[in-house]
Structures are given as structure tokens and as C-alpha cells.
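Trainee: Please walk me through this one. I am new to reading structures.

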Amino acid sequence: MNVINVAMEVLREAIHRKWFLGIALGISMVLIIMWNFLQFEIVDGALAATELFGDLMGSQIQSAEVALRPAFRVASYIIYYGVLIFGIAVCAPLATTLLAPGRIDYLLALPIARWELILGSYVGVLILTISGTLYGAAGFMTVLGLKTEVWSTGILLSTVLASITFAAIYATMLTMAIFVRYTPAIMIAGFLVMVSGILASNIDALQAEIETQWLSQLIGAVSQFFPRVVRVSHFAADIAGSMPINEAMLLRSMGGILFFGLAMLCLGLWQFERKDF
């Protein structure tokens with residue numbers, strides 16, 4: 001129960017700083033632009049033409065469901081990386097605010113265990129990001145559904161992968177906040193994990209470019225600790241576009257991300273328990 005109470009406190013802080021309002025307005029503006037300037041010509045269930053801002057984007061007649069698969073895939077990539085980048089930038093100050101002098105002293109004086117305080121903060125931030133992600137994905141699905149009568153829930157399922165990836169990244173950011181209460185450092189830690197995850201996803205190509213064998217092996221060994229960000233984004237796009245996926249590889253990739261996030265969170269809890277405020 002204390003974990004939930006702390007999570008609600010984080011959400012109240014986000015509402016007080018108008019972050020919820022800013023996220024909702026930004027997503028809503030994009031959806032309104034799509035609704036007004038993206039036009040489809042549907043003939044007997046087939047997509048005959050697509051116009052954006054009055055310009056013809058395509059006139060090849062094909063099944064609307066098949067024709068819109070690329071649109072859902074592109075939207076999935078935008079949502080996936082948008083969640084990571086925007087989440088890192090917006091949520092970094094929340095960790096600093098939680099550990100601000102005076103506020104942390106007050107919270108620690110309450111009958112709340114330290115691990116509940118950290119875990120509640122973590123859950124609160126995840127609720128914030130997941131809410132915004134689902135709102136954007138559901139809005140995009142609704143716009144295309146009303147205009148084309150093609151309703152694909154794959155875009156909603158793909159947002160789950162984006163949320164899990166960000167959860168692992170934010171675990172690192174929250175741990176960094178416990179060690180160093182400095183917002184730019186927290187933000188840098190988040191971006192470093194994201195970039196390292198992108199590089200780790202392309203480690204084979206990267207190793208092929210390195211001529212020194214020991215350096216190539218070292219980079220390969222280090223890359224094993226980072227989540228495969230790009231690989232998961234491809235899975236998310238395939239799910240959004242109703243494409244077949246390798247379920248075993250997906251589970252393996254998600255397992256690696258969850259393990260990384262749990263390890264970072266445990267490190268943060270260990271440091272928080274032994275820290276003297």
C-alpha cells in the first residue's frame with residue numbers, strides 16, 4: 001500500500017508541474033493535424049489514394065489493411081523512440097525532486113520503508129509514461145480507424161515493448177539519482193543506456209569494423225550487459241504492422257531488458273538503504 005501511496009505522490013507532483021497537461025496537449029496537437037490533413041480514399045475496402053496536406057502520396061489500389069501496414073510500422077518506431085527520448089528528458093527531474101533536501105527528510109520520517117519509497121517513485125513514473133504512450137497510440141489507431149475502417153490493436157501491443165524498454169532505462173536513471181542528485185547527470189545516464197543499447201543491437205557490424213581482436217572481443221563482452229534497443233523496436237514495428245515475429249527471440253530480448261532493469265533497480269535500492277541523508 002505504501003508503494004502505491006508514493007506512486008500517487010509522484011503523479012501529483014507531475015500534475016502540479018503541468019507535465020501531464022503538456023504531454024496531453026502535445027500528443028493531441030499531432031492527432032488533430034493528422035485528422036485534418038491526412039485523407040484516404042477507400043473504395044470497397046481498398047485504399048485508392050492517400051493525401052497529406054493536399055499532396056497525393058499514393059494512388060495504387062490495394063487492400064486497405066495491407067496498405068496501412070507501413071503506416072502502423074512507422075508509427076510504432078516513432079512512438080517507441082519518442083517514448084525513450086521524451087521520457088528521459090521529462091522524467092529525469094522527477095528523480096531529483098524526490099531526493100530534494102527537506103522533502104526526502106520528510107518522507108523518511110514517515111512510516112515508510114526505504115525500499116517502498118524508491119519502488120513507489122519508480123512505479124509512479126512508469127504510470128506517467130505508459131499513460132502518455134497509450135493515449136498517443138490509441139489516438140493514432142482511432143484516427144486511422146475512423147478514416148479507413150481498419151482497426152489494428154497491434155499498435156497498442158507494440159507500446160508495451162516501448163514501455164518495458166523505458167522501464168529498464170529509467171531504473172538506471174533513478175539509480176544515478178541516488179548516487180548523484182544532479183538532473184543533467186541523470187539525463188546523460190539515460191541517454192547513455194539508450195545509445196549503448198542501440199550499439200549493442202548492431203554489435204556484429206561494429207565488431208567487423210574493429211581490426212584489433214582484443215578490443216573487438218572486449219566491446220562484444222561489454223555489449224552483453226545492455227538491452228537490445230533496436231531489436232525490440234523492430235519487434236514492436238512487426239507487431240504493429242501485423243507481421244509474423246520470432247516469439248522465442250522476442251522473449252529472449254525482453255528477458256534481457258527486464259534483467260538489466262531489475263539489476264539497476266537493485267543497485268539503487270542497495271545504495272539508498274546505506275545512504276545517510
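Mentor: Start with a vocabulary item: a residue is buried under 20% relative accessible area, exposed over 50% and partly exposed in between, using a 1.4 Å probe and protein chains only. This is a predicted model, in which local features need pLDDT of at least 70, side-chain atom pairs count only at pLDDT 80 or more, and totals for chains, interfaces and linings use all residues. Residues are numbered from 1 along each chain as its sequence is written, and side-chain values use heavy atoms, with hydrogens and water left out.

Trainee: Fine. Arginine 73, then: buried or partly exposed?

Mentor: Arginine 73 is partly exposed, because its relative accessible area is 23%.

Trainee: What does arginine 73 form a salt bridge with?

Mentor: Its partner is aspartate 238, and the closest N and O atoms are 2.4 Å apart. A salt bridge here is a side-chain nitrogen of Lys or Arg within 4 Å of a carboxyl oxygen of Asp or Glu. By this rule the count comes to one salt bridge.

Trainee: Which parts of the chain does the pair link?

Mentor: Distant ones: aspartate 238 sits in helix α11, residues 229-240, while arginine 73 sits in helix α4, and 165 residues separate the two. Helices are DSSP runs of H or I with at least four residues, numbered from the N terminus.

Trainee: And why does aspartate 238 count as buried?

Mentor: Aspartate 238 counts as buried because its relative accessibility is 18%. Its partner, arginine 73, is partly exposed at 23%.

Trainee: Why would such side chains pair at all?

Mentor: Side chains of opposite charge can pair when their charged atoms come close.

Trainee: Back to α4. At what angle do α4 and α8 pack?

Mentor: Helix α4, residues 69-98, and helix α8, residues 183-201, pack at about 155°, and their axes are 8 Å apart. That makes α4 roughly antiparallel to α8. Angles over 145 degrees count as roughly antiparallel, under 35 as roughly parallel, 65 to 115 as roughly perpendicular, and the rest as oblique. Axes are lines fitted to C-alpha atoms over the stretch in contact, and angles run from 0 to 180 degrees between N-to-C directions.

Trainee: How do α7 and α8 pack?

Mentor: Helix α7, residues 154-179, packs with α8 at an angle of about 150°, with 8 Å between their axes. The two are therefore roughly antiparallel to each other.

Trainee: What about α11 and α12?

Mentor: α11 and α12 pack at about 130°, with axes 10 Å apart. They are therefore oblique to each other.

Trainee: Which residue lies in the loop between α11 and α12?

Mentor: Isoleucine 245 is one of the residues in that loop. Isoleucine 245 is partly exposed, with 28% relative accessible area. Its C-alpha is 6.8 Å from that of phenylalanine 235, ten residues away in sequence.

Trainee: And in helix α12, where does that helix run, and what is in it?

Mentor: Helix α12 covers residues 247-274, and tryptophan 270 is found there. Tryptophan 270 counts as partly exposed, because its relative accessibility is 47%.

Trainee: New topic: chain separation against distance in space. How many residues apart along the chain are tyrosine 81 and threonine 165?

Mentor: They are 84 residues apart along the chain, and 9.9 Å separates their C-alpha atoms. Tyrosine 81 is found in helix α4, and it is partly exposed at 22% relative accessible area.

Trainee: How many residues apart along the chain are leucine 117 and leucine 269?

Mentor: That pair is 152 residues apart along the chain, with C-alpha atoms 9.6 Å apart. Leucine 117 lies in helix α6, residues 114-148, and is buried, with 2% relative accessible area.

Trainee: Last one. Where is glycine 220?

Mentor: Glycine 220 is in helix α10, residues 213-223. Its relative accessible area is 9%, so glycine 220 is buried. Leucine 206 is 14 residues from glycine 220 in sequence, and 9.0 Å from it in space, C-alpha to C-alpha.
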